[in-house]
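Please open the model in your viewer and keep the sequence panel beside it. The tour below proposes one selection after another and says what is there.

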Amino acid sequence: MQIAHIAALGRRLALHFPDGADSSLESAVRRAWTGAMLPDTVSAADVDVHVPPPGAHAEQALSDLTAAVTRRAIDRRRGEIWMTHAGGVADPDGRVCMLVGPSGAGKTTATRRLSRRFGYVSDETVAVEPGGRVLPYRKPLSLVVDGERWKRQIAPEELGLQALPDSPLQLSAVLVLDRSRHAPATPRAVPLDTLDALIAVAEHSSGLSSMHRPLATIAACLASAPPYRLEYRDDADLTGIITDLLSTSAPRRPGVRHEWPADEARDAELPGPPPGLYRRAPFVDAVSDDTRLAVLRHVGHGEGELTVISGIAPEIWRQCATDSDLRTIGERIASVHGSPPPGEPADELLQVGLDDLVRSGVLLRG
């Protein structure tokens with residue numbers, strides 16, 4: 001059986017070709033994966049991936065292979081590193097800009113255009129180790145071609161995308177893309193505070209609840225890689241603004257506070273609170289700024305659900321680290337936020353807040 005080796009997210013993957021496959025399949029795979037191909041002298045692999053048989057449509061096999069490699073690489077690194085569905089480009093000094101945003105924000109198109117001037121890191125997943133080191137995933141680009149059923153897998157070199165610099169890759173800027181025809185004609189980078197940026201990137205990150213202190217880890221990366229919201233039009237040239245952001249030292253943004261004691265077992269399985277009492281639900285990690293608190297809870301398969309609360313809710317949540325009743329919680333709120341104005345139905349308002357937190361899943365009610 002023929003085998004080719006590729007690099008993905010800091011791991012070596014062995015691509016096993018099906019028995020009896022002709023040389024054209026191997027040539028097509030090696031051509032598409034040129035950007036990630038390792039020398040044939042590599043003898044050991046971390047992950048095995050079987051190349052689908054070509055069948056009637058070779059492009060389907062290549063498309064299915066790209067999906068399989070991405071899935072296996074992410075599964076292999078789940079819980080080990082921070083991985084975000086994003087694009088990434090690197091300047092000659094190894095400084096990496098991450099491009100993240102919802103579907104339709106233009107990250108794939110922007111990454112492809114920018115990679116003709118900057119090193120192509122990935123158009124699929126940007127993986128960051130604690131400390132900010134970036135691990136590339138130079139997969140083929142999956143492009144829609146009119147009249148073809150499956151996306152065509154094209155090597156970055158065939159599209160004129162640049163090789164990686166010799167310098168180590170380091171996350172240096174994070175851009176949350178905001179593409180609109182109403183954006184300024186000249187792209188504008190608006191600084192984001194740490195918690196806003198964390199909320200934005202967490203939505204597109206893989207396996208957060210499998211990581212150790214995931215929110216604190218991301219926040220630490222954002223402290224050294226300033227986050228921005230990038231307002232731009234579809235036809236805008238982003239080269240100049242990316243160059244400026246990577247080469248200019250930005251002021252450090254206000255950070256976040258970690259709400260999770262380091263010696264406490266995370267996501268502990270405990271019986272629910274007694275009747276009439278409240279307790280915060282098991283959670284993976286939590287961070288806060290001066291007005292908001294973000295809580296990450298485990299929802300299965302290594303994924304998490306991030307809930308952001310504000311107003312008096314953060315103090316309710318903190319008080320409910322231990323079983324608490326309505327009176328005790330009210331006293332905590334009064335000590336932090338002051339007593340409500342005369343005539344205000346304090347208990348009723350507090351009860352509404354508690355009900356909202358229970359519905360959101362961050363509090364348990366006995």
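Which residue of β3 does L13 stand opposite? Select L13 together with β3, and the partner turns out to be V47. Keep in mind throughout that this is a predicted model.

**The start of the chain**

Extend the selection to β2, residues 11–16, and to β1, residues 3–8, which pair with each other in the antiparallel sense over six bridges. Within this pair, A4 stands opposite L15 in β2. Two residues lie between the strands of this hairpin, and L9 takes a positive phi near 55° there. Now add β3, residues 47–50, with which β2 pairs in the parallel sense over four bridges. In general, strands of a sheet pair through backbone hydrogen bonds, either parallel or antiparallel.

**The loop after β3**

Move on to P53, which lies in the loop between β3 and α2, the helix of residues 58–77. Is P53 buried or exposed? P53 is exposed, because its relative accessible area is 60% and the cut-off for that class is over 50%. Leaving aside residues up to four places away in sequence, P53 touches P18 and A61. If you then select E331, 278 residues away along the chain, the C-alpha atoms of P53 and E331 are separated by 67 Å.

**The sheet of six strands**

Next, select the strands of an open sheet whose order is β7-β5-β6-β12-β15-β13, six strands with mixed pairing. The edge strands are β7, residues 119–122, and β13, residues 188–191, each of which pairs on one side only. Direction ignored, neighbouring strands of this sheet are turned by 30° against each other on average. Inside the sheet, look at β12, residues 170–179, and β15, residues 227–232, which pair in the parallel sense over six bridges. One residue to pick out is D178, whose bridge partner in β15 is E231.

Add helix α6, residues 239–247, which packs on the sheet and touches β5 (87–90), β6 (95–100), β12, β13 and β15. The direction of α6 makes about 125° with that of β6.

**A mostly covered helix**

Now select α5, residues 214–224, a helix that is mostly covered, with eight of its eleven residues buried. Which residues of α5 are buried? They are P214, L215, A216, T217, I218, A219, C221 and L222.

**The sheet of four strands**

For the next stop, select the four strands of an open sheet with antiparallel pairing, in the order β9-β8-β4-β14. At its edges stand β9 (134–135) and β14 (205–206), each with a single partner strand, so one side of each has no neighbour in the sheet. The strand β8, residues 125–128, is joined to β9 by two bridges, and these strands run antiparallel. In this pair V128 stands opposite V134 in β9.

**The whole chain**

Finally, show the entire protein chain, which has nine helices and 21 strands. Along its principal axes the C-alpha trace spans about 80 × 50 × 40 Å. Of the 366 residues, 48% count as buried, while the chain exposes about 17200 Å², of which carbon and sulfur atoms supply 49%. Among contacts with a separation of 6 or more, 71% are between residues 24 or more positions apart. If you colour by charge, the mean positions of the 40 positive and 48 negative charges are 3 Å apart.

How values were computed:
Residues are numbered from 1 along each chain as its sequence is written. This is a predicted model: local features need pLDDT of at least 70, side-chain atom pairs count only at pLDDT 80 or more; totals for chains, interfaces and linings use all residues. Side-chain values use heavy atoms; hydrogens and water are left out. Two strands pair if DSSP finds at least two bridges between them. Axes are lines fitted to C-alpha atoms, for helices over the stretch in contact, and angles run from 0 to 180 degrees between N-to-C directions. Contact means heavy atoms within 4.5 Å. Buried means under 20% relative accessible area, exposed over 50%, partly exposed in between (1.4 Å probe, protein chains only). Accessible areas come from the Shrake-Rupley method with a 1.4 Å probe; for residues, only the protein chains shown count as cover. Lys and Arg count as positive and Asp and Glu as negative; His and the chain ends are not counted. The place of a charge is taken as NZ of Lys, CZ of Arg, CG of Asp or CD of Glu.
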